[in-house]
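Reader: Before we discuss individual assignments, I would like each label to be set against the rule behind it. Please begin with the rule for naming elements.

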Amino acid sequence: RDITVSWDEVDGAAYYEYQADANKEAPYDFTTTVSGTERSGQIRDEDGTYHYRVRAVNASGMTGEWSEWCGVTLDRVAPVATIVNPAYGDALSGIVMLVGEVEDANPKNTYFRVEGPDGYLATSLFTDGRVIHEYEWDTSELEDGEYTIYFETRDQAGNKDGTRANPGDSVVKITVNVDNTAPVVSSVLLNDIEVDNAHIRTENCEDIQQTYAVRGQFEFSATIEDDLSGVDRAWYRVRAVNVNGCSRSDLYNSSRISLQYDEGKERWMTPAAFDVSELDDGLYTITLIKRDKAGNQTTSYIDLIVDNTAPILEISEVSISEDKLLSFKLFATDDGSGLKVVATNIYDEDNSGLRISVGRVNEPQSGLAAGTEEFEKLLEDINVSGLEPGVYTIRAFARDHAGNGTYATMQFTIAEVNEDIPESRQLPLPAAQAPGTAIAFNAGARGGPIVATFGGSSECQNGSWMGHYSMQGFCVSEIATQNARGNALGNRR
């Protein structure tokens, strides 16, 4: 509290008047005379500023002008420092604005100091008495990990409470985590099918390596990992893409759909299935966006082929040999996701009771490769000798990689004639046949089997074939025969 107030000597001065006051307003707290050019004493015992002034007086008692007031401040209170941003434990990335705030009547110095791994040090000092200290700290190139931020202040009186080793009101510190590493996707399930991580794109306009076929609705979930700050949120959109993998939001861009974290499954799940039934068939992508608590964000692309169209399936060239071996051809096409399964079985006339199981006819049995647009196979030597005379149904099935399925059916008839048939005798045929029906006849000792496939034309005329077996009353579009020795006699329409 001891102070000395001094001033310049004035020529002709006999002595000086000296005043002191807290507010520089009359009546003044203290007035005295001083013969010299300085006065020593104690400032009042109260924190604050006390003001002093002097004027010269000559021997005749005439006074000069008062000097300007001079203030002396007593400040025994340490300043209070606060780190406004960031907060303790925050995860940081990129450029971060460090903000410190000072509370003090007479601020002076403010100082940021950041310490980190491997001796890292960054500082920022201001000495202009500011009460808000802002410092742009660039973490972009820093090693991920924990960093300590100190904020210190000292006022004009030199007051400071605390040290970095023992923080106090004037020295505060927090620890933060620098995290410049974005979250990663470790697992994606599409309709419970694991998506190969090698086929998850990380850049837009990358070549599409693999598409996953969907139709109707699909469920989607992902395992997203971030070892430092942790995953904050994830969401996705479905967008159209071209063959080069570039998204085409002008063609189709769904609304943003937030994923929800399921603690039990430890996966980020869609709240509801996504409906693609109204979309045009074609290429699309799931644009999956992940953000961690440090603000790092990345995008992944899971490419889809939307295929709501079933394959086309045909049965043709149905025939039955002399020893009751059935043959027919299957032909299927799918220009969307591609054929996966083609199968067939023999059922009864009502297409309800299984009579002969054939099963999958595609190779490999596990399924055709994605993108297989066409399948054709002639099935031969299906033994139907165990079937009773009657009408039976060939039922075929095709399914594509999106799960669209289609059926095709064709009926054939097994009719048994055991007696020898004279050349001019009419064959006993069933009364009515549907177009495409094939019938096997046993012509007895005179010849081998006859297979007749009936057409649907009303213009077909009664007639006979080579004068042997009259087909009167039926529209026969094709007859294939062989003689008793097995020599083919040819086809006739």
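Author: Helices (H or I, at least four residues) and strands (E, at least two) are DSSP runs, numbered from the N terminus. On that basis Lys290 is found in strand 26, residues 282–292. This is a predicted model, in which local features need pLDDT of at least 70 and side-chain atom pairs count only at pLDDT 80 or more, while totals for chains, interfaces and linings use all residues. Residues are numbered from 1 along each chain as its sequence is written, and side-chain values use heavy atoms, with hydrogens and water left out.

Reader: Why is Lys290 said to have no salt bridge?

Author: A salt bridge is a side-chain nitrogen of Lys or Arg within 4 Å of a carboxyl oxygen of Asp or Glu. The nearest side chain of opposite charge to Lys290 is Asp226, 10 Å away, so the criterion of 4 Å is not met. Lys290 is nevertheless buried, a term that means under 20% relative accessible area, with exposed meaning over 50% and partly exposed in between (1.4 Å probe, protein chains only).

Reader: What makes the pair of Lys290 and Ser300 a polar contact?

Author: A polar contact is a pair of N or O atoms within 3.5 Å, where within protein one must be able to donate a hydrogen and the other to accept it, and residues adjacent in sequence count only if both atoms are side-chain atoms. The side chains of Lys290 and Ser300 make such a contact at 2.6 Å, so the pair satisfies the distance limit.

Reader: How do you know that Glu152 and Arg164 form a salt bridge, and what does the pair tie together?

Author: Their closest N and O atoms are 2.8 Å apart, so the pair falls within 4 Å. Glu152 lies in strand 13 (residues 145–155) and Arg164 in the loop between strand 13 and strand 14, so the salt bridge ties together parts that are 12 residues apart in sequence. Glu152, at 6% relative accessibility, counts as buried, whereas Arg164, at 32%, counts as partly exposed.

Reader: Why is the pair of Glu376 and Lys329 also called a salt bridge?

Author: The closest N and O atoms of Glu376 and Lys329 are 3.8 Å apart, so this pair too is within 4 Å. Glu376 lies in strand 32 (residues 374–383) and Lys329 in strand 29 (residues 325–333), so the pair ties together parts that are 47 residues apart in sequence. Lys329 counts as buried because its relative accessibility is 19%, which is under 20%.

Reader: How many salt bridges does this rule give?

Author: The count comes to 13 salt bridges.

Reader: What makes strand 30 and strand 33 a pair?

Author: Two strands pair if DSSP finds at least two bridges between them. Strand 30 (residues 339–348) and strand 33 (residues 390–400) have 9 bridges in the antiparallel sense, so they qualify as a pair. Val342 stands opposite Ala398 in strand 33. Strand 30 also runs antiparallel to strand 31 (residues 354–360), to which 5 bridges join it, and Tyr347 stands opposite Leu354 there.

Reader: Why is strand 30 described as mostly covered?

Author: In strand 30, 9 of its 10 residues are buried.

Methods: Lys and Arg count as positive and Asp and Glu as negative; His and the chain ends are not counted.
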